[in-house]
Amino acid sequence: VSAARWTLTELPQSARIGTGSRRRAAQLQSIRGDLKIEPIRGNVQTRLQKLADGEFDAIMLAHAGLLRLQMHDVSCVTLSLEDMLPAPGQGALGIEVRSEDQESLEAVQPLNHVATRAAVTAERKILAALHGGCLAPIAAYAEVSEAELRMRSVVLSQNGSDRLDEQHRVAFSPDQWEHSASELAEHVTAALVHRGAADLIQDQRTG
């Protein structure tokens, strides 16, 4: 979000960017190392006011939040998945019911979108396998396309100078969604660990 609707390439040299997300900050700096990434807090209105007051040249907000608040007139550009991968499981909604409550289980079952569940499961398995939590910039995006479950993932250093990108795909069928999700997560995790992702994450815990 910026008054001039700058794209990432159009941002001025050493522009001040406000974001509360380590993951977003690291991905920004991996693309534009000159940017000055600074923390920002508060609700959407508060953050927009800080931008208007000149505390930042631009700020990063979730597009879904702007849509939910019907802020259609905010001056913004939407970043592509090539530039900004989401957090694992971001945007997924879950309904929890008691395991013995068969009536409730049956009632919510039509809401269970199998392709989405497979994608989110694969993303969350990577986060768990890497022991990332919220300490390290880890992003992942999985989707079902053309009978395949595909995922892109990235692990970064906090300043974005070190970046490990991986992508993989496996065959997908709705009746074997859990197997597909596990297989995909194992492939991507193994590739990231082989390239040093575990050490990168550990360095940020102890740094």
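Reader: Is helix H1 (residues 22–31) mostly covered or mostly open, and how many of its ten residues are buried?

Author: Happy to start there. Keep in mind that this is a predicted model. A residue counts as buried when its relative accessible area is under 20%. By that test H1 is mostly covered, with seven of its ten residues buried. The buried ones are Arg23, Arg24, Ala25, Ala26, Gln27, Leu28 and Gln29.

Reader: What covers the buried residues of H1?

Author: The cover includes strands E1, E2 (36–38), E4, E5 and E6.

Reader: Could we step back? How many helices and strands are there in the protein, and what pattern do they follow along the sequence?

Author: The protein has seven helices and six strands. Along the sequence they run β-α-β-α-β-α-α-α-β-β-β-α-α. Taken along the principal axes, a box of roughly 55 × 40 × 35 Å holds the C-alpha atoms. The protein has 207 residues, and 39% of them count as buried. As for contacts between residues at least 6 apart in sequence, 58% join residues at least 24 apart.

Reader: Now another helix. Which residues of H2 (residues 44–52) are buried, and where do they fall when seen down the axis?

Author: Buried in H2 are Val44, Arg47, Leu48 and Leu51. Looking down the axis of H2, you find these buried residues within an arc of 100°, so they line one face of the helix. They pack against strand E3 (58–59) and helix H3 (63–68).

Reader: And how do I read a pair of helices? At what angle do H5 and H6 cross?

Author: Look at the axes, then at the hand of the crossing, then at the residues that meet. The axes of H5 (residues 114–129) and H6 (residues 177–194) come within 8 Å and cross at roughly 35°. The crossing of H5 past H6 is right-handed. On the H5 side the residues in contact are Val114, Arg117, Ala118, Thr121, Ala122, Lys125, Ile126 and Ala129. They meet Trp177, Ala181, Ser182, Leu184, Ala185, Val188 and Thr189 of H6. By type, the residues of this contact comprise ten nonpolar, three polar and two charged.

Reader: Which residues touch the most other members of the largest nonpolar core?

Author: A nonpolar core is a set of buried nonpolar residues joined through their side chains. The largest one here has 24 residues, and those touching the most other members are Leu130, Leu149, Met151, Val155, Leu184 and Leu192. At least two residues each come from H5, strand E4 (138–145), strand E5 (148–156), strand E6 (163–171), H6 and helix H7 (197–206). H6 gives the largest share, six residues. Apart from this core lies another, of twelve residues, including Val1, Val44, Ile59 and Cys76.

Reader: Leu184 has come up twice. What does Leu184 touch, leaving out residues up to four places away in sequence?

Author: With those left out, Leu184 touches Ala122, Leu149, Arg150, Met151, His168, Arg169 and Val170. Ala122 and Leu184 are also both among the residues where H5 meets H6.

Reader: Next, backbone angles. Which residue in the segment before E1 has a positive phi although it is not a glycine?

Author: That is Arg5, with a phi of about 55°. Arg5 lies in the segment before strand E1 (16–18). Its relative accessible area is 46%, which makes Arg5 partly exposed. Gln70 is another non-glycine residue with a positive phi, near 55°. Gln70 sits in the loop between H3 and helix H4 (102–108). With 61% relative accessibility, Gln70 counts as exposed.

Reader: Last topic: distance along the chain and distance in space. How far apart are Pro174 and His113?

Author: Compare the two separations. Pro174 and His113 are 61 residues apart in sequence, and their C-alpha atoms are 9.7 Å apart. Pro174 is in the loop between E6 and H6. Pro174 is exposed, at a relative accessible area of 53%.

Reader: What about His179: buried or exposed?

Author: His179, in helix H6, is exposed, with a relative accessible area of 52%. Its C-alpha atom is 9.8 Å from that of Ala122, a residue 57 places away along the chain.

How values were computed:
Residues are numbered from 1 along each chain as its sequence is written. This is a predicted model: local features need pLDDT of at least 70, side-chain atom pairs count only at pLDDT 80 or more; totals for chains, interfaces and linings use all residues. Side-chain values use heavy atoms; hydrogens and water are left out. Axes are lines fitted to C-alpha atoms, for helices over the stretch in contact, and angles run from 0 to 180 degrees between N-to-C directions. Helices (H or I, at least four residues) and strands (E, at least two) are DSSP runs, numbered from the N terminus. A crossing is left-handed if the near helix is turned anticlockwise from the far one by less than a right angle, and right-handed if clockwise. Contact means heavy atoms within 4.5 Å. Ala, Val, Leu, Ile, Met, Phe, Trp, Tyr, Cys and Pro count as nonpolar, Asp, Glu, Lys and Arg as charged, and the others, Gly among them, as polar. A nonpolar core is a set of buried Ala, Val, Leu, Ile, Met, Phe, Trp, Tyr and Cys residues joined through side-chain atoms within 4.5 Å. Buried means under 20% relative accessible area, exposed over 50%, partly exposed in between (1.4 Å probe, protein chains only). The arc is that of the directions from the helix axis to the C-beta atoms.
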